[in-house]
Structures are given as structure tokens and as C-alpha cells.
Amino acid sequence: MNKIKNLADLKKLQSEVQSKIKLRENGNHPESVVQIKVSMATCGIASGAKEIMTYMIDELDHQGIDSVVTQTGCMGYCYAEPTIELTIPGQQPVVYGFVTKTKAHEIIEKHIKLNEMLDGIIPVTYLLIDN
Amino acid sequence: MKDLSMHILDIVQNSIRAKAKLIGIEITESPDENRLIVSITDDGTGMDSEQLKLATDPFYTSRTTRKVGLGLSLLKQNAEMTGGTFRIESESGKGTRVTAIFEFNHLDRPIIGDLVGTLLILICNSGKTDYVFKHQTAAGTFELDTRDIRQTIEDVPLNHPEVRQFLKEMLQENLEQIQISE
């Protein structure tokens with residue numbers, strides 16, 4: 001029977017990780033990397049936000065893309081959940097609605113990697129009114 | 001909500017919004033007593049008696065982005081639908097405790113679901129919030145305190161991919177050991 005992992009094993013991993021990585025300072029400078037906020041209120045969770053967040057974290061890690069994926073509250077787009085807010089460094093944030101795993105994959109491949117916007121962006125109309 | 005892990009993720013968001021520094025999540029499965037208890041406690045801002053009265057009203061929310069607040073009402077409805085009970089206690093400035101009791105063998109009791117996914121999202125995005133998790137079944141007890149994890153990994157971030165993968169495996173292995181229902 002395999003041994004079950006515990007905190008002593010985590011300590012070993014900590015030493016290995018610390019010795020081989022230069023700590024990325026994403027936490028201190030999130031504006032320098034791709035930021036994704038997944039709306040994680042009742043509406044988002046009930047519509048599958050958890051799966052989308054897990055998928056984004058796993059896929060971005062797998063592809064080695066420097067990014068910070070965090071959870072956020074309801075952005076008021078309950079009708080379009082799951083929603084994510086994507087910020088590419090130096091650009092205005094955009095919000096995608098009705099995000100599925102397929103859509104999330106497309107967002108990574110096209111918007112994050114090639115900087116091509118996709119269908120499904122929720123228009124930020126208040127900017128137009130201000131202008 | 002499809003399962004209890006989603007309810008837990010949802011209710012914990014309330015604690016996070018209430019600026020809780022320490023959140024307790026406790027699940028107790030007692031098939032012999034035909035009970036499954038989910039309890040979430042926090043040391044956040046809490047609610048006064050007026051807010052507490054309205055907390056499970058689906059048309060009450062403290063948010064301004066929308067006019068409904070369904071999280072607690074859905075959990076209450078789900079618990080009561082199985083012949084169980086729902087209780088919320090809160091004190092302004094001290095914190096809140098939400099307890100939902102389900103009939104374990106009831107046909108409509110939601111499954112526990114992807115608890116590992118829920119815990120991983122909470123732990124790896126915890127910021128300055130700590131979690132104490134306890135899951136008790138007839139097969140044993142699993143306890144996890146993120147303060148111990150932080151102490152162990154020192155300045156390695158909790159959301160580091162290798163730490164995340166380790167925690168995922170640790171949670172899966174430990175929860176499988178005590179699993180008695182889905």
C-alpha cells in the first residue's frame with residue numbers, strides 16, 4: 001500500500017522547490033503578468049466556475065504561461081456565468097461570459113497567446129457613456 | 001447547486017467577504033444516526049440581529065451588484081428538503097456559524113462531490129485567510145490547518161504549481177481513506 005502524503009513530505013518538497021526555483025514575484029507584481037479573475041459567487045459556482053478556474057490554472061501551468069488566476073465576487077453578470085475577467089499586462093481588462101472549457105482553451109490559445117480578442121466579451125457600456 | 005462541495009465553496013465566499021482571517025469547515029458523516037452535518041464558522045465581521053433575520057431571504061443581499069442573495073437560501077432549502085435543519089448564528093464583530101444538517105440516507109441529499117477541487121481553490125487562493133478543515137466519517141477523521149502548511153512551506157507560495165499538485169494528491173489520498181459516501 002502506498003504511503004499517504006503528509007506535512008513531512010511537504011517539507012521535503014519545500015526544500016526541493018526552494019533550492020531549484022528563483023521565487024517568481026507574481027504575488028508582489030501581479031500587474032506584470034496575465035491576470036484572470038474568475039467570478040465565484042453563487043451564480044458562478046452553480047454555473048461551473050469551479051471547473052473553469054481549475055482548468056485555467058492547470059492549463060496555464062502546463063503551458064508555462066506566467067499568470068495569476070484568482071477568485072472574485074459577483075461582477076453583476078449573473079445571466080452570463082461563468083464569467084472571467086482577463087487582464088493582459090498594459091491593456092484594459094475584458095470580461096468574457098458563458099465561459100466553457102472549450103471557450104477557456106480558446107481564450108488561452110488566441111487572446112492570451114496571440115492577443116486576438118474573441119466573441120463572448122461582455123461590453124463595458126459605462127465606458128461609452130463616460131466618453 | 002449540484003453537490004455539497006459547491007455549497008461549501010459558496011458559503012465560504014460569504015466569510016471571505018466578511019473579512020474573516022480564520023475559517024473553519026467541518027463535515028461530519030454519521031450514517032448510524034442518519035445525519036450529515038456541514039458547519040462553516042468564521043471570525044469575520046458578523047451580522048447584527050436585523051441582518052441575521054434576513055440572511056436566508058433570497059431577496060436580501062448586502063451586495064450592490066444585484067438584488068438577490070441565494071447562497072444561504074439554497075443551502076437551507078437543500079437541507080430542509082432532506083428532513084434536515086439549517087441554523088445560522090452570528091454576532092456583529094465576532095463572526096458567524098452556519099450549520100446545515102442533512103438526513104444522510106435521504107434520496108434528495110446532495111452528494112459531497114469534488115471536495116478536493118473546492119479545498120484546493122480555497123487554500124491556493126487564500127491570501128491572508130487561513131482554513132481549518134475537518135472531515136469525520138465512520139472510517140476516520142482527516143484534519144488540515146493551512147497555518148501548518150504555511151509554516152511548513154515557509155516563503156514558497158501556496159499557489160506554486162508543485163505545491164498545488166502536492167496538496168491535491170495529499171487531499172485526494174487522505175479523503176479517499178475516510179470516504180464512506182460520494
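With 25 C-beta neighbours inside 10 Å, B:Ile121 counts as buried. The term applies when 20 or more other C-beta atoms lie within 10 Å of a residue's own; 12 or fewer make a residue exposed, counts in between make it partly exposed, and C-beta atoms are placed from the backbone. The model is predicted: local features need pLDDT of at least 70, side-chain atom pairs count only at pLDDT 80 or more, and totals for chains, interfaces and linings use all residues. Residues are numbered from 1 along each chain as its sequence is written, while chains are lettered from A and ligands numbered from 1 in the order in which they are written.

B:Ile121 belongs to helix H4 of chain B. Helices (H or I, at least four residues) and strands (E, at least two) are DSSP runs, numbered from the N terminus. Neighbours within four places in sequence aside, the contacts of B:Ile121 are A:Lys50, A:Met53, A:Gln71 and B:Leu9. Contact here requires C-beta atoms, placed from the backbone, to lie within 7 Å. B:Leu9 is 112 residues from B:Ile121 in sequence, yet the C-alpha atoms of the two are 8.6 Å apart.

The helix around B:Ile121 is largely enclosed by the rest of the structure, because nine of the ten residues of H4(B) (residues 115-124) are buried. The buried set consists of B:Leu115, B:Val116, B:Thr118, B:Leu119, B:Leu120, B:Ile121, B:Leu122, B:Ile123 and B:Cys124. These residues pack against elements of both chains. From chain A come H3 and E2; from chain B come helix H1 (4-17), strand E5 (130-137), helix H5 (146-153) and helix H6 (161-178).

Two packed helices are described by the angle between their axes and the distance between the axes. For H4(B) and H6(B), the angle is about 140° and the axes are 10 Å apart. Axes are lines fitted to C-alpha atoms, for helices over the stretch in contact, and angles run from 0 to 180 degrees between N-to-C directions. The H4(B)-H6(B) crossing is right-handed: in this convention the near helix is turned clockwise from the far one by less than a right angle, whereas an anticlockwise turn is left-handed. H4(B) contributes B:Leu115, B:Val116, B:Leu119, B:Leu120, B:Ile123 and B:Cys124 to the contact, and H6(B) contributes B:Arg164, B:Leu167, B:Lys168, B:Leu171, B:Gln172 and B:Leu175. Nine of the contact residues are nonpolar, one is polar and two are charged. Ala, Val, Leu, Ile, Met, Phe, Trp, Tyr, Cys and Pro count as nonpolar, Asp, Glu, Lys and Arg as charged, and the others, Gly among them, as polar.

Chain B as a whole holds six helices and six strands. Their order from the N terminus is α-β-β-α-α-β-β-α-β-β-α-α. The radius of gyration of chain B is 16 Å, close to the 16 Å given by the globule rule for 182 residues, so the chain is as compact as a globular protein of that length. The radius is taken over C-alpha atoms, and the rule is 2.2 Å times the number of residues to the power 0.38. Buried residues account for 39% of chain B. Of its contacts between residues at least 6 apart in sequence, 64% join residues at least 24 apart.

The contact between the chains takes 27 residues from chain A and 34 residues from chain B. On the chain A side, helix H1 (7-20), helix H2 (42-47), helix H3 (49-62) and strand E2 (67-72) each supply at least two residues. H1(A) gives the largest share, seven residues. This side of chain A comprises 14 nonpolar, nine polar and four charged residues.

E2(A) also belongs to an open sheet of four strands in chain A, ordered E2-E1-E3-E4 with mixed pairing. Pairing requires at least two DSSP bridges between two strands. E2 and strand E4 (94-96) are the edge strands, each pairing on one side only. Neighbouring strands are turned by 20° against each other on average, direction ignored. In strand E1 (residues 34-39) of chain A, five of six residues are buried. E1(A) pairs with E2(A) in the parallel sense over six bridges, and A:Lys37 stands opposite A:Thr70. Four bridges join E1(A) to strand E3 (residues 84-87) in the antiparallel sense; A:Ile36 faces A:Leu86 there.

Side chains alternate along E3(A). A:Ile84 and A:Leu86 point to one face and are buried, while A:Glu85 and A:Thr87 point to the other and are not. E3(A) and E4(A) run antiparallel, joined by three bridges.

Key: Contact = placed C-beta atoms within 7 Å.
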